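Colleague: Please take a close look at a single part of this chain and explain it for a first-year student. Start with one residue and work outward from there.

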Amino acid sequence: MATMKSSQSVRYGPGSIYATHGSVSAGEFVTYLWREEDSAGTMWAHIEYDVSSGKQHKRGYVPLDTLNSPGSTTFTPTYSTRYVNRICWGFFGPTYIGYQEAEVLTRGTSIRYTGKKIGDYALVETTASSGRKRFYVNAYNLSVSPIAAGSNEGTKILDLPYNYQQGDSRWQSLNPNFDDSGCAVCCAANVASCWEFEASDPSVMFDRGVFTRTSMECQWYNASPLCEYSGLQVYDGDAASIIEIVRTHINSELPILVFFREGSTRGMHWVTAYGYRNGGLTADNILVKDSLTTVESTLADVAAGRSWRGVNRIFRTLE
């Protein structure tokens, strides 16, 4: 561990040519990872710092001389070109667990690999109008040879064995409004069961404190000891962005929750997206578990008569 001598902006890479993505405060504890020298001879430290009250982390770069007691580990990049072979996320650390998303990479994109690989994740670099960016991406999504651009990647369906129904009589005693308002709890149970490989039904969600007898507002972080909640993203009416995020998460082996506004006088309806067909480019090709029906549904089925609202992610915390 090291401490910051002064407040600093955190950059995507070692140098002012890289964009910023956060900040650290004077006296803040950070994890020193290694040092790098930029083209002007200035040394930069690659650090990890906490965000979101310590539940998530980011990695980035600050000037080395702004740290108290940094380590001596160094890294010198050896660049080579790689190509993204499927739409995927880049993260601010070498796994999707506990690190925020940094970038969405589309199929066919050319990027620079730094030569640093940690576990399954490669440290890569892109160039944008806002500045260069470095982040980590699963090396499985990278190829040495050029890849044709496009997002149509056929069919991908995750193993999500349960589709809990909010009208099931087994849960009605848990909350007087379960039949009307239990969709979010059913989604939490779907995801928990997926990660735990056993039935973690709505009654288990009640026992874990996801909801109470008087409130159906979900405490998502209680869904499972194997899950980490990473928050809602709202894209009011922007179906295209929601569909792209859903497809990206499914490609990363992650089911994802999608929510819609029921109408001007009602709340939200939640479903669990777990797969796609025909590339998943449109709502009628995204497969979902819907607590209002036991038949196979798509996002297009759910969207009928509702307004697109956003997504909500629960990650598995253990690999």
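Modeller: Gln166 sits in the loop that runs between β15 (156-157) and α1 (178-181). The model is a predicted one, and what follows is computed from it. Is Gln166 buried or exposed? With a relative accessibility of 3%, Gln166 counts as buried, because the cut-off for buried is under 20% relative accessible area.

Two polar partners can be named for the side chain of Gln166. One is the backbone oxygen of Asp179, reached at 3.0 Å. The other is the side chain of Ser291, joined to that of Gln166 by a polar contact of 2.5 Å. The wider surroundings of Gln166, leaving aside neighbours within four places in sequence, include Trp171, Gln172 and Phe178. Asp179, Asp180, Ser181, Gly182, Cys183 and Cys186 are also in contact with Gln166. The list is completed by His269, Ser291 and Leu292.

Now take the partner, Ser291. Ser291 lies in a loop too, the one between β19 (286-290) and β20 (297-298). Its relative accessible area is 5%, so Ser291 is buried. Seen from this side, the polar contact runs from the side chain of Ser291 to the side chain of Gln166, at 2.5 Å. Not counting residues up to four places away in sequence, Ser291 touches Asn163, Tyr164, Gln165 and Gln166. Cys183, Cys186 and His269 are touched by Ser291 as well. These three names also appear among the contacts of Gln166.

A further buried residue is Cys218, in the loop between α3 (202-207) and β16 (227-234). Its relative accessible area is 11%, which means that Cys218 counts as buried. Cys218 and Ala184 are 34 residues apart along the chain, and their C-alpha atoms are separated by 6.9 Å. Cys218 touches Ala184, along with Val185 and Val210, when residues up to four places away in sequence are not counted.

For contrast, consider two exposed loop residues. Ser69 is found between β7 (67-68) and β8 (80-84), and at 63% relative accessibility Ser69 counts as exposed. Ser69 has a positive phi of about 55°, although this residue is not a glycine. Asn278 belongs to the loop between β18 (268-276) and β19. Asn278 is exposed, with a relative accessible area of 52%; the cut-off for exposed is over 50%. The phi of Asn278 is near 50°, again a positive value in a residue other than glycine.

Last, the chain as a whole. The chain has five helices and 21 strands. Of its 319 residues, 53% count as buried. Among contacts with a separation of 6 or more, 61% are between residues 24 or more positions apart. The C-alpha trace spans about 70 × 45 × 35 Å along its principal axes. A compact globule of 319 residues would have a radius of gyration near 20 Å, and the 22 Å of this chain agrees with that. The accessible surface comes to about 13,700 Å², and carbon and sulfur atoms hold 46% of that surface. The chain carries 28 positive and 32 negative side chains, and the centres of the two sets lie 5 Å apart.

Technical notes. Residues are numbered from 1 along each chain as its sequence is written. This is a predicted model: local features need pLDDT of at least 70, side-chain atom pairs count only at pLDDT 80 or more; totals for chains, interfaces and linings use all residues. Side-chain values use heavy atoms; hydrogens and water are left out. Helices (H or I, at least four residues) and strands (E, at least two) are DSSP runs, numbered from the N terminus. The radius of gyration is taken over C-alpha atoms; the globule rule is 2.2 Å times the number of residues to the power 0.38. Buried means under 20% relative accessible area, exposed over 50%, partly exposed in between (1.4 Å probe, protein chains only). Contact means heavy atoms within 4.5 Å. Accessible areas come from the Shrake-Rupley method with a 1.4 Å probe; for residues, only the protein chains shown count as cover. Lys and Arg count as positive and Asp and Glu as negative; His and the chain ends are not counted. The place of a charge is taken as NZ of Lys, CZ of Arg, CG of Asp or CD of Glu. A polar contact is a pair of N or O atoms within 3.5 Å; within protein, one must be able to donate a hydrogen and the other to accept it, and residues adjacent in sequence count only if both atoms are side-chain atoms.
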